[in-house]
Amino acid sequence: MVGPLTRSASPESPTNGQVRKNLDFLDGLFAEAIRYLDGEDTARLIDSARAASQTDGETPHLGFLFQAVTTDEASLLARAFACASMLANIGEDVAGRRRAAESESLKGGDTLTAALEALGEEGRKALAGLSVTPVLTAHPTEVRRRALVERQSEIARLMALRRHHLPADLDAHIREDLFREVALLWRTRLYRPEKITVTDEIRNALSVVRTSILPALVEIYERWIDDLGDIGPILTLGTWLGGDRDGHPGVGADTLALALRSQARLILDFYAGEVRRLWSDLAVSTAYGPVSEALQALAMQADQPSVHRLDEPYRLAFERIFDRLCATSSRLTGALVVHAVEAPDGPPYDGPDAFLADLETIRDSLVSSGAGRLVGGRLKSLMAVARACGFHLLSVDLRQNADVHERVIAELLDSAGETPGYLDLPEDQRVALLLRELSTRRPLRSPFTAYGEETARELSILDAAASAIAGYGPGAIGAYVISKAATVSDILEPLVMLKQAGLVWGGDQPRSSIRVSPLFETIADLEAGPAVLRQWLETRAARSLLGDKPVQEVMVGYSDSNKDGGYVASRWGVARAASAFAEECDRLGVGLRIFHGRGGSVGRGGGPAAEAVLAQPPGTVQGRLRMTEQGEMIFRRFGDQPTARRNLEGMTAAVLTATARPHPSGHAKAAEAMDALAAGAFAHYRALVYETPGFEDFFWDATPISEIVQLNIGSRPASRTASRRIEDLRAIPWVFSWSQSRVMLPGWYGLAGGAARSGLEAARLADLAGEFDIVETLLSNMELALAQSDMTLAARYAGLCEDRALAEPIFDAIRREHDDAVALAMAIRGGTRLLDNRPDLAESVALAARSVRPLNHLQLELMSRRRKGDETEETRLAIQLTVTGIASGLRNTG
């Protein structure tokens, strides 16, 4: 088979040389697998298509080739190109090029220890209050199947072994194993025959937690304990899976219960396994040393201890702990922990604190008896993980739309005979009414009232949350996120709802067991958000509900703000809002935690997480940060233990650095210039997307959005309504469609036009990048999006529009802005070619382009057939295969 993915004109580096070797090797195995399983005719067809695809430029011969293939042949080719793109990514990742590329611009230490050494006393002060949480979420355009993830992981593992000099027989054995895995990948179905469910998403995410994230977390805490001594739960895990019901009819009380039950099973099995290992280690006899009275008392509670271990109280104590963990698992999950042979007689733990107390009893006994060095890293890390993960493993956030909240509150008030017509009240009267409800212990809810379906559903998930906190501990539920938050009443409404489930206690000093996090998403919401936050924090109820050490969490949305106002306005709007939130909180003596709702692509705030943290405005991080990790990015950033460890610790180190490093004084004039640029970019973007007649039709014709919304690649609907309006489309499929058509519009459109409208030239923009880290990151990520785009292919997608009079001027405007953006990007940093200052990343992008180019051409042919009336299932599946392959090759969907 032709080895097309290894072509490159860039200078050879050691890393690039290893990439080349890996790609040649995997390419050969893939060719061997196809010939072995499908014969020479199939291999020749795939060979000819892959060879034809490697001519740079418009490759018109590819179009002719694909016009002649049958639908079955198109599916075969789509599978082949998709598998080839997956193997190319693996070859690159194993060589470490992508990792090197993403680390080029990282500032500061990439480990917590290195960051502390660099920061000195300020770093040690900031460490005490550090709180970092990556939050795993689902993805409405998720293309990966777990079976594919497992195949890719195993191929990557075996390829990593080949980096070492191995004996010939072992190398041959690994080669045969790799052939088997590649052949299995070729035989694995790449698409889902049915739509993915929330249960599938929970299972998929937890498979990554089990295999890489949790082991990485253990390793990180072991390292921190060795370097820094005992350390608090500064790094924890969160999730939206099972609790994010915003526009998702499949999420409810049952999915919340399932998520927590599944998570508990995983973490309790881990604890039980560690306890068994500690039992094996600590066969310490009282014949050779004393133990504490507390330890002896714990040991005496062991059920039916062996007569051979009566002088080994540590082992007996661990037997007691194991039995109680088993009973706890039975209570919470309905199953015994792994390795348990029968149900124990001992009582379950009431919560994770009791489990920790038993572990502390063992540690304290060893220390007090003069054997502290026998405690060892395993017990210390087990205690650290137990503090961070409890019995819930990941804290589950609840999320719902503010529009739903107001309807539920209206029904509750109406049913209770309190203030009918809530929806007609002005904002000030709503706020007064809701504050009055929080000031009384009386609930609005009655067990004798039959509520409407929506209200009953909302109350049921709150009841499930209350049960979760009672069963798993206070860490089981993270935040209550309010989508489309725009007013103070939007913040108060869910608090009144939580009161109905006993999660908020009313009275003169109301209290809450769940923090409420307003999500500001659109450009207008980000601009108004600081005033809303101030009005909320100035209420008496807010100060009481936030507790003795008040910290207000605010979530900022990158996706909807981008779809609303474009890339530049979105990024600067988020930065401006974050600074204003910090100012309001500082003025009122309240701490701030910003929750960043980022996606994988540049258009949705994507890019290296640590770099994004370090680019945050001064004073906004404050040692506390949460950040979403969405769908496909979970596997990319956490798919194996070393990668998970590096990203988790890098994110933590970045939060510490962003908190403790010196902050420069204000940049008033520079900020004014950025305000002008953002306003110009906003106007330029809106003029295209929302003010150009027919743009909506162009978008639906010139991208695969109509095909995407019909595919089984996500549990959440692609649109909030049944309309074609861009306003109603979710941000993720919006970005996904532009990525598939290789325009990448959400990642760059508006900068050049905004600069022209605001009169800012390249030299001034370069100065702004020097004054604001966020601007430097914005420009860097925009250049990546420009490099990933392909206007030649994009023109072919635009050619799918039947109304040429409509399509041509719109695409011409897009192409002009693209050309202007490239020229401006080069002028700002003095480059001559996109990414020429980051050669590893440039080569990685070029590899991705070569791997997906034939898939784009094939997708174009299949879309053309479908839009001419070919609605067969075979064509639909062939299109889905091209979608999967392009997303895999480009390493993002939305």
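The protein chain exposes about 33400 Å², of which carbon and sulfur atoms supply 51%, the accessible areas coming from the Shrake-Rupley method with a 1.4 Å probe, where for residues only the protein chains shown count as cover. This is a predicted model, in which local features need pLDDT of at least 70 and side-chain atom pairs count only at pLDDT 80 or more, while totals for chains, interfaces and linings use all residues. Residues are numbered from 1 along each chain as its sequence is written, and side-chain values use heavy atoms, with hydrogens and water left out.

## Overall form

The protein chain holds 36 helices and ten strands, both being DSSP runs numbered from the N terminus (H or I with at least four residues for helices, E with at least two for strands). The C-alpha atoms fill a box of roughly 80 × 75 × 55 Å along the principal axes. A compact globule of 894 residues would have a radius of gyration near 29 Å, and the 28 Å of the protein chain agrees with this; the radius is taken over C-alpha atoms, and the globule rule is 2.2 Å times the number of residues to the power 0.38. Of the 894 residues, 60% are buried, where buried means under 20% relative accessible area, exposed over 50%, and partly exposed in between (1.4 Å probe, protein chains only). Among contacts in the protein chain with a separation of 6 or more, 81% join residues 24 or more positions apart, a contact meaning heavy atoms within 4.5 Å.

## Helix H29, Arg742 and helix H30

Ten of the ten residues of H29 are buried, including Trp734, Phe736 and Trp738. Arg742 follows H29 and lies in the loop between helix H29 (731–740) and H30. Most residues other than glycine have a negative phi. Arg742, however, has a positive phi of about 65 degrees although it is not a glycine, and Gln304 likewise has a positive phi, of about 50 degrees.

| Residue | Loop | Relative accessible area |
|---|---|---|
| Gln304 | between H11 (293–299) and H12 (313–333) | 68%, exposed |
| Glu312 | between H11 and H12 | 13%, buried |
| Arg742 | between H29 (731–740) and H30 | 2%, buried |

Leaving aside its neighbours within four places in sequence, Glu312 is in contact with Ala283 and Val284.

## Packing of H30 against H34

Helix H30 (residues 751–758) packs against helix H34 (residues 804–829) at an angle of about 75 degrees, with their axes 7 Å apart. The axes are lines fitted to C-alpha atoms, for helices over the stretch in contact, and the angles run from 0 to 180 degrees between N-to-C directions. H30 and H34 are therefore roughly perpendicular to each other, a term for angles of 65 to 115 degrees, whereas under 35 degrees counts as roughly parallel, over 145 as roughly antiparallel and the rest as oblique. On the H30 side Leu751, Ala752, Gly753 and Ala755 take part, and they meet Glu817, Asp820, Ala821 and Leu824 in H34. The residues of this contact divide into five nonpolar, one polar and two charged, with Ala, Val, Leu, Ile, Met, Phe, Trp, Tyr, Cys and Pro counted as nonpolar, Asp, Glu, Lys and Arg as charged, and the others, Gly among them, as polar.

## Asn647 in H25

Asn647 is found in helix H25 (residues 641–660). Asn647 and Ala610 are 37 residues apart in sequence and 7.9 Å apart in space, C-alpha to C-alpha. Not counting residues up to four places away in sequence, Asn647 touches Arg637 and Phe638.
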